[in-house]
Amino acid sequence: MESRATAIDVDEVTGQLADQLLRLSRRLHRSQRALMEPTGVTLAQSRLLRVLAHCEEPPRMADLAQRLDVVPRAVTTLVDALEERELVRRVPDPHNRRVIRIELRESGGQALKELRRARRTAAAELLAPLSGEQRAALTALLAVLDADEPRHHRAAPPAAAS
């Protein structure tokens, strides 16, 4: 009987934890969205900019779709909006003129710095009740969960300066 009670407790705790993670994620996204609003860049556009910043060479649209785990049409829409704001540009592939690559412009790099500040501010607000020691412990625990995710499911490598 005791093992059954323990299993029920674990299931209940797991459910509570899932709910907490979802609520916190939503709070973080709401805060980020509010802080990013003055930049005119959406969360999805921000993700694309972060992916571009981590690419060694300008990627193809299909590469971006794969890294963002979205359909290619969604990338086209994001790139169109970012190109209109002059944050990215389409450039021809030097080896295959039929291929178009997406390049981060200097203004896109500047926007990315502002977006990173907004992300850090949103995270700092969310984590404010935690001490430095508690933040370190939470980071270590989340790193264990994050490392367990298969690499091909990740949208972008972790940003060192985020």
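The legends below describe several close-up views of a protein model that is predicted.

**View 1. The order of helices and strands along the protein.** The predicted model contains six helices and two strands, and when they are read from the N terminus on, the order of these elements is α-α-α-α-β-β-α-α. Of the 162 residues in the protein, 25% are buried.

**View 2. Helix α2 and its buried residues.** Helix α2 spans residues 43-53, and because eight of its 11 residues are buried, this helix is largely enclosed by the rest of the structure. Among the buried residues of α2 are the leucines L43, L48, L49 and L52, but the list of buried residues also includes Q45, S46 and R50.

**View 3. A positive patch on the surface.** Four arginines, namely R26, R27, R30 and R33, form a positive patch on the surface of the protein. One of them, R26, belongs to helix α1, which covers residues 2-36. The relative accessibility of R26 is 51%, and R26 therefore counts as exposed, a class that begins over 50%.

**View 4. A nonpolar patch shared by two helices.** The five leucines L17, L21, L138, L142 and L145 form a nonpolar patch on the surface, and together they have about 420 Å² of accessible area. Helices α1 and α6 each supply at least two residues of this patch, and α6, which runs over residues 132-147, gives the largest share with three residues. L138 is located in helix α6, and because its relative accessible area is 31%, L138 is classed as partly exposed.

**View 5. Two loop residues with a positive phi.** Most residues other than glycine have a negative phi, and this view shows two residues with a positive value. D69 is not a glycine, yet its phi is positive and near 60°; this residue sits in the loop between α3 (61-68) and α4 (72-84). With a relative accessibility of 61%, D69 counts as exposed. E86 is likewise not a glycine and has a positive phi of about 60°, and its place is in the loop between α4 and β1 (88-92). The relative accessible area of E86 is 47%, so E86 is described as partly exposed.

**View 6. A buried aspartate in the loop between the strands.** D93 is found in the loop that lies between β1 and β2, the second of these strands covering residues 100-104. Since its relative accessible area is 9%, D93 is buried. The side chain of D93 reaches the backbone nitrogen of N96, at 3.0 Å.

**View 7. Two loop residues and their partners from elsewhere in the sequence.** E37 lies in the loop between α1 and α2, where its relative accessibility of 61% means that E37 counts as exposed. Although E37 and L115 are 78 residues apart in sequence, the distance between them in space is 9.8 Å, from C-alpha to C-alpha. L87 is placed in the loop between α4 and β1, and because its relative accessibility is 5%, L87 counts as buried. L87 and V41 are 46 residues apart in sequence, and their C-alpha to C-alpha distance in space is 9.9 Å.

Definitions and conventions
Residues are numbered from 1 along each chain as its sequence is written. This is a predicted model: local features need pLDDT of at least 70, side-chain atom pairs count only at pLDDT 80 or more; totals for chains, interfaces and linings use all residues. Side-chain values use heavy atoms; hydrogens and water are left out. Patches are made of residues with over 30% relative accessible area and no salt bridge: like charges are joined within 9 Å, nonpolar side chains (Val, Leu, Ile, Met, Phe, Trp, Tyr) within 5 Å. Accessible areas come from the Shrake-Rupley method with a 1.4 Å probe; for residues, only the protein chains shown count as cover. A salt bridge is a side-chain nitrogen of Lys or Arg within 4 Å of a carboxyl oxygen of Asp or Glu. Lys and Arg count as positive and Asp and Glu as negative; His and the chain ends are not counted. The place of a charge is taken as NZ of Lys, CZ of Arg, CG of Asp or CD of Glu. Helices (H or I, at least four residues) and strands (E, at least two) are DSSP runs, numbered from the N terminus. Buried means under 20% relative accessible area, exposed over 50%, partly exposed in between (1.4 Å probe, protein chains only). A polar contact is a pair of N or O atoms within 3.5 Å; within protein, one must be able to donate a hydrogen and the other to accept it, and residues adjacent in sequence count only if both atoms are side-chain atoms.
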